[in-house]
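Colleague: Got a minute to walk me through this one? I'd like to go through it piece by piece.

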Amino acid sequence: MVGDIQWLTQWVRFLPFVVVLFLSVLMYYVWPTHDYFGSSYLNWVNVGLLLALALAAFVFGIRNFVSKGTSVGLHLRTKLVTIMVLMVLVPSTILQITANQVITKGLDVWFDVRVDNLLDKAMSLAQGFYADIEADMEHSLKQVIRDDNFPALEVTPWGALVLNQYMEKLLHKYDWDRLELFDASERLIASVHKQPEHADALQSMETKPITSAGRLSIALGRYTVDHWAREDGEYVVGYLPLYSQRRLIGILRAEVKLPSEIISSARSIEADYRSYRELDRHRQGIQKTFMHTLMIAMTLIVCVAGMLALVFARRLTAPVEELATALEKVKSGNFDVLVAVDSKDELASLAASFNSMIAQLKYNMDTLTATQHELTNALVSSRQRQYVLENLLANLYSGVILLDASGDIRLMNETCKALLMLSEHKGDKTSIYDFSEAHLKPVLSFFETLQTQALDDLQQELVITHHLQSVKILARGTLLGSEDDVFSGWLLVFDDITQLAEAQRHRAWAEVAQRLAHEIKNPLTPIKLSTERVKRRFREQVDDVRVFDTCTDAVINQVERLQRLLADFSNLATLPKPKMELVSIASLLQELEELYSPYSQLTFEGMPRGEVYCDPDQIRQVLINLIDNALATKAHVRVYVEMTDEQIRFYVQDDGAGIDENIKEHIFEPYFSTKAEGSGLGLAIAQRISEEHHGQLQLLSASSPTRFCIWLPNVKLRTKGGELDDSNPGS
Amino acid sequence: MIAFYVVFMLLTHVWAEETMEETHVHIEDGVVFCDVQSFEQEAYILKVIGSGSPMTVFWQFDVLEQRKYWLDKEVARVRLGRQVIPDLVTQRWLLRDLSGGVIKHTNDAHEAMHFLTNMRHIAVVDVSVLEPSNTYTLDVHLFIYEGEGEHESWLSLFSNAGFDMGSVPLHIDATKQQRIDE
């Protein structure tokens with residue numbers, strides 16, 4: 001159906017051109033041909049009208065085609081005008097065809113053959129009457145010639161009386177109305193005539209000159225008959241030349257006046273005959289005249305109907321156009337439209353309904369826009385808050401988990417995942433109850449305690465051990481909201497307090513160690529001095545010197561051992577802050593090589609050029625500690641250095657039996673030692689020094705060859721002020 | 001537009017029909033004379049005057065200078081009128097030369113007809129008027145009117161465009177013209 005309407009719309013656009021074609025063909029048929037002898041102005045009127053119509057249709061078609069139907073209501077208007085014009089054109093055409101048939105039949109009746117014959121006969125009668133008169137004249141003139149008295153007639157001046165009597169005789173004999181005699185010089189000699197019937201007829205008695213017919217008669221030498229038509233009537237005139245001895249002596253002119261009644265009838269017949277023949281000759285023209293007149297009327301009617309249809313269509317489509325235009329504005333988002341309501345018809349009702357609808361639509365749109373604006377603002381605000389919260393949580397050093405009432409995880413930051421070592425299970429945990437791994441049991445237990453005991457908040461220290469790595473966590477839980485609130489759940493916050501606890505423990509231990517060292521160190525010196533004094537003074541007095549020496553030496557040795565132990569304690573507890581300076585790596589290693597020159601199994605490989613930013617005494621102590629441990633294995637020891645852009649790595653490697661796998665995790669713990677004489681503080685102090693230098697001491701390989709590495713940040717990464725750049729990941 | 005073109009072509013085709021008239025030109029004593037006779041209109045004219053209707057004809061002789069890139073220039077025009085007034089009851093026809101005023105009666109309808117359709121020895125233009133270097137043609141047109149009036153109104157411009165009796169080229173001999181000028 002839609003396709004049909006579109007097809008019809010497209011067809012309507014070409015309709016004006018079809019009309020132009022039709023009118024052009026019509027113009028061709030009404031164009032006056034040049035062999036047309038009738039009045040052809042009607043043809044030209046028709047051609048003019050048709051041409052005007054064709055031009056109007058053509059212009060309309062072009063405008064319609066150029067506008068491509070974008071004008072609102074154009075199609076509807078075109079259809080209305082077309083339909084109305086067709087409503088007039090169709091009956092008018094039928095009327096035209098019918099009238100043409102009627103005219104054709106009427107002309108056939110009018111120019112019937114009987115009328116034709118009748119007029120011919122009437123004309124023949126009239127012509128016969130004239131012919132008879134002329135024949136009588138000719139016959140009379142012939143009789144005059146044959147008259148026996150005629151040759152005796154001499155034209156003499158004294159014979160005028162005789163001549164008049166003779167002419168009177170001829171006048172009455174042949175029933176002529178007038179008889180005149182002219183001499184050879186065309187001068188009137190004698191004239192006789194009947195008495196005029198009316199007094200005013202005297203004027204007609206005036207003698208007329210000889211006409212061309214008379215001269216023709218003279219030239220031919222025989223009588224001629226002519227016809228006169230004068231104001232007082234028509235005459236048949238006969239000329240007869242008179243000869244004497246072959247010499248022209250005169251010319252006789254006889255006149256017969258034709259009866260006025262008969263003449264009138266004859267002339268009337270002639271006029272009718274002429275008119276009839278003229279009409280008959282112009283029969284086709286008459287038919288065309290009627291047809292063209294009708295066509296003009298039809299064309300004018302169509303024009304008037306078209307104009308009226310156009311006006312009507314404009315008035316009818318104007319409200320529709322206005323509505324369509326308003327709808328286009330509404331479609332483009334403009335609701336400030338109002339359609340004028342000028343009348344009280346259905347279209348006005350439609351316009352009023354449209355206005356009402358648009359007003360309601362505008363109110364709804366305004367409300368919707370306001371709501372949308374509020375929602376947008378709220379959304380923006382919410383997104384901003386969420387963004388701030390996410391950034392806050394992401395940058396927090398504390399792990400945060402937000403749980404809803406059912407224990408589902410609504411939010412968990414990356415710190416928490418790292419702290420609880422959940423990186424491998426990222427995305428798996430959707431609920432707190434998914435914390436089923438062994439190292440997460442304390443967390444689940446903490447939450448269950450918080451939940452089951454319905455506590456508003458809870459704080460516990462948890463230890464999470466995973467892959468031999470223990471982390472001490474301070475867990476805090478808080479109940480959020482209540483059942484009536486929009487959200488209810490728990491907020492769990494985890495802080496890594498491993499270093500804090502270690503520091504606290506270390507500080508407490510250092511304080512204790514310092515106190516103990518102070519308390520123990522003080523009596524040791526007098527004990528050692530007293531024992532040495534006793535040994536010097538009483539060695540000679542004792543019975544058994546060997547036992548005495550053994551005892552005193554044992555006291556002295558143990559006191560010294562205690563003093564060394566206390567010195568280590570003191571060093572570990574009160575390790576001074578490193579005095580950082582740029583030290584040549586080569587000189588540092590050179591000193592060590594000289595120090596350990598007696599040890600042939602120790603080799604220093606490579607002396608890289610470069611500097612290391614460190615406290616040389618402390619680093620030297622660390623390296624000595626590592627080298628001593630390595631030399632204790634009695635195996636070959638290698639010391640070498642590697643430099644990268646980020647780190648300077650000192651390696652100490654021995655080919656000893658290696659370190660047991662069970663103890664390698666504890667070798668950096670204080671007081672752990674596999675030696676009977678060792679304090680177990682050497683590697684602990686070394687690692688602490690490394691950490692103080694923002695480096696690290698690592699056991700790279702426990703099995704043979706055993707390899708330790710202490711790496712320090714490369715000097716290139718330091719700032720001008722000599723401070724380490726904390727943003728560097730290696731720092 | 002195509003429809004207009006088709007109609008125009010049809011109409012021009014109608015106007016461009018060949019005529020079968022006879023027109024002759026000869027130069028005599030430095031004057032161009034023309035003899036022309038319309039065969040095609042004889043039957044019609046005979047019918048009209050035979051049925052009693054007066055008839056008036058005008059013969060128009062145009063001497064045109066041929067121009068290549070412009071309309072032809074009219075050098076001379078001669079327009080002669082003749083008229084026949086029938087009298088059916090007496091069966092006589094009045095022949096009237098409208099140019100000279102000569103009147104004649106005849107009882108022969110054919111003579112009246114030939115009086116209208118024949119023009120003999122009509123002096124058109126003096127050769128001295130014409131330039132030997134130019135090309136000239138003589139166009140003859142016949143205008144026929146039923147009735148005694150000339151009907152030279154504005155409507156007749158549309159209704160009667162005249163019959164083309166043909167166009168005859170004028171061959172001007174330069175030597176002859178030189179002699180005439182002397």
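Modeller: Sure, and keep in mind that this is a predicted model. Take helix 4 (residues 113–146) of chain A and helix 7 (residues 260–281) of chain A: they pack with their axes 9 Å apart, at an angle of about 140 degrees.

Colleague: Why is helix 4 of chain A called oblique to helix 7 of chain A?

Modeller: Angles over 145 degrees would count as roughly antiparallel and 65 to 115 as roughly perpendicular. The angle here is about 140 degrees, so helix 4 of chain A is oblique to helix 7 of chain A.

Colleague: And is the crossing left-handed or right-handed?

Modeller: Left-handed, for helix 4 of chain A passing helix 7 of chain A.

Colleague: Which residues in helix 4 of chain A meet helix 7 of chain A?

Modeller: From helix 4 of chain A you have A:L119, A:A122, A:M123, A:A126 and A:F129. They meet a set in helix 7 of chain A that includes A:I262, A:A266, A:I269 and A:Y273.

Colleague: OK, new topic: sheets. What is the strand order in the open sheet of 5 strands in chain A?

Modeller: The order is 2-1-5-4-3, and the pairing is antiparallel. At the edges, pairing on one side only, are strand 2 (188–193) and strand 3 (224–230) of chain A. From one strand to the next, the twist averages 20 degrees.

Colleague: Which helix packs on the sheet by strand 1 and strand 2 of chain A?

Modeller: That's helix 5 (residues 160–173) of chain A, which touches both strands; its direction makes about 40 degrees with that of strand 2 of chain A. Strand 1 (residues 178–183) of chain A and strand 2 of chain A are themselves paired, antiparallel, over 5 bridges. For one position in that pairing, look at A:L181, whose bridge partner in strand 2 of chain A is A:A190.

Colleague: What about helix 6 of chain A, which strands does it lie across?

Modeller: Helix 6 (residues 212–220) of chain A lies across strand 3, strand 4 (233–244) and strand 5 (247–257) of chain A. Relative to strand 4 of chain A, helix 6 runs at about 25 degrees.

Colleague: Let's jump further along. What does strand 14 of chain A form with strand 15 of chain A?

Modeller: A hairpin, with 3 residues between the two strands. Strand 14 of chain A pairs with strand 15 (residues 647–654) of chain A in the antiparallel sense, over 7 bridges. Strand 14 (residues 637–643) of chain A is also joined by 4 bridges to strand 12 (residues 602–605) of chain A, and those two run parallel.

Colleague: Where could I look to see both pairings at one residue?

Modeller: Try A:R638. In strand 14 of chain A, A:R638 is the bridge partner of A:T603, and A:R638 also stands opposite A:Q653 in strand 15 of chain A.

Colleague: Then there's helix 12 of chain A. How far apart are its end C-alpha atoms?

Modeller: They are 56 Å apart. Helix 12 (residues 498–538) of chain A has 41 residues, so at 1.5 Å a residue it should span 60 Å, and the two values agree.

Colleague: How many of those 41 residues are buried?

Modeller: Just 2, so to speak of cover, helix 12 of chain A is hardly covered.

Colleague: Last bit: how many helices and strands are in each chain?

Modeller: Chain A has 16 helices and 17 strands, while chain B comes to 5 helices and 9 strands. Buried residues are 22% of the 731 in chain A and 25% of the 182 in chain B.

Conventions
Residues numbered from 1 in each chain as written. Chains lettered and ligands numbered in written order. Predicted model: local features only at pLDDT ≥ 70, side-chain atom pairs only at ≥ 80, totals over all residues. Pairing = 2+ DSSP bridges. Axes fitted to C-alpha atoms, helices over the stretch in contact; angles between N-to-C directions. Contact = placed C-beta atoms within 7 Å. Expected span 1.5 Å × (residues − 1). Buried ≥ 20, exposed ≤ 12 C-beta atoms within 10 Å, placed from the backbone. Parallel < 35°, antiparallel > 145°, perpendicular 65-115°, else oblique. Left-handed = near helix turned anticlockwise from the far one by under 90°.
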